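Biologist: I would like to learn how to read the sheets and the ligand shell in a model of this kind. Please take me through them one by one.

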Amino acid sequence: MVRENEIRENEVAVDLPPATDAGLVFIGRISTPWTSRMETPRQGRHDGPLCRIEIFEPWRQALQGVEAFERLEILYWLDRSRRDLVLQSPANSGKVHGTFSLRSPVRPNPIGTSIVKLEGVEDGVLLVRGMDCLDGTPLLDLKPDRTLFKPIAPPQPGDFQTGDDVAHYCKKA
Ligand code: SAM
């Protein structure tokens with residue numbers, strides 16, 4: 001992982017293909033105490049500082065019911081990240097790791113996720129603990145922590161499938 005967009009010993013960057021529009025919409029903005037990547041926690045903590053997640057219109061109505069969940073999963077766009085490293089040296093030691101074996105912010109599509117503790121909801125703003133992003137980071141989505149969520153829609157056949165019945169999908173051609 002890089003802290004300030006530098007390239008470290010043995011790290012490998014690639015030419016990025018042209019960006020295509022995946023149709024993402026920034027639905028809000030996350031306010032945190034951190035303005036430097038050198039100070040931002042590597043992973044948020046539920047006893048960390050209170051952060052504000054402001055939801056933009058027309059999405060505020062979509063907050064209906066979130067207050068019932070003690071924890072939420074937050075997805076955000078790590079907008080100040082470089083996106084071209086395939087091998088990274090998190091400890092800056094010359095030892096490198098594949099990007100997909102890390103939770104580094106440096107990735108082709110820099111999506112961060114955190115499970116946060118919900119402390120309050122007021123006027124389109126969520127108050128949470130557990131973030132680890134820079135002040136002003138764009139919000140992509142939020143949903144209940146999966147361990148707290150029971151699907152409201154009735155189950156479907158796939159919900160009861162177990163074992164290797166469909167293993168042919170996984171076999172090499
Ligand atoms: N919890 C998320 C995850 O696991 O997907 C993100 C973890 S990532 C290691 C957190 C680090 O990303 C922070 O310590 C900071 O260095 C960096 N970071 C935070 N906000 C960022 C932003 N908006 N743009 C670029 N880098 C950011």
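Modeller: Begin with the open sheet in this predicted model. Three strands make it up, in the order E1-E5-E6, and their pairing is antiparallel.

Biologist: Which are the edge strands?

Modeller: An edge strand pairs on one side only; here these are strand E1 (12–13) and strand E6 (97–98). E1 is joined to strand E5 (residues 85–88) over 2 bridges in the antiparallel sense. Within E5, Leu87 stands opposite Val12.

Biologist: In what order do the strands of the barrel run?

Modeller: A barrel is read by following the pairing around until it closes. The 6 strands here follow the order E2-E3-E8-E7-E4-E9, with antiparallel pairing. On average, neighbouring strands of this sheet are turned by 45 degrees against each other, direction ignored. As one pair, take strand E3 (residues 50–55) and strand E8 (residues 125–129), which share 5 bridges in the antiparallel sense. Ile53 has Leu126 in E8 as its bridge partner.

Biologist: How many residues surround the ligand, and which strand gives the most to the shell?

Modeller: The shell holds 19 residues, and the closest are Arg37, Arg80, Pro105, Gly112 and Cys133. Strand E7 (residues 111–122) gives the most, with 3 residues. By class, the shell divides into 5 nonpolar, 8 polar and 6 charged residues.

Biologist: What feature does UniProt place at residues 24–154?

Modeller: The unreviewed UniProt entry gives "domain: TsaA-like" for that range. Over residues 24–154, the chain is 37% strand and 0% helix. The end C-alpha atoms of this stretch are 29 Å apart.

Note on methods. Residues are numbered from 1 along each chain as its sequence is written. This is a predicted model: local features need pLDDT of at least 70, side-chain atom pairs count only at pLDDT 80 or more; totals for chains, interfaces and linings use all residues. A residue is near a molecule or strand if its C-beta atom, placed from the backbone, lies within 6 Å of it. Helices (H or I, at least four residues) and strands (E, at least two) are DSSP runs, numbered from the N terminus. Ala, Val, Leu, Ile, Met, Phe, Trp, Tyr, Cys and Pro count as nonpolar, Asp, Glu, Lys and Arg as charged, and the others, Gly among them, as polar. UniProt positions are given in the numbering used here, feature names are shortened, and annotations may be inferred rather than shown by experiment. Two strands pair if DSSP finds at least two bridges between them. Axes are lines fitted to C-alpha atoms, for helices over the stretch in contact, and angles run from 0 to 180 degrees between N-to-C directions.
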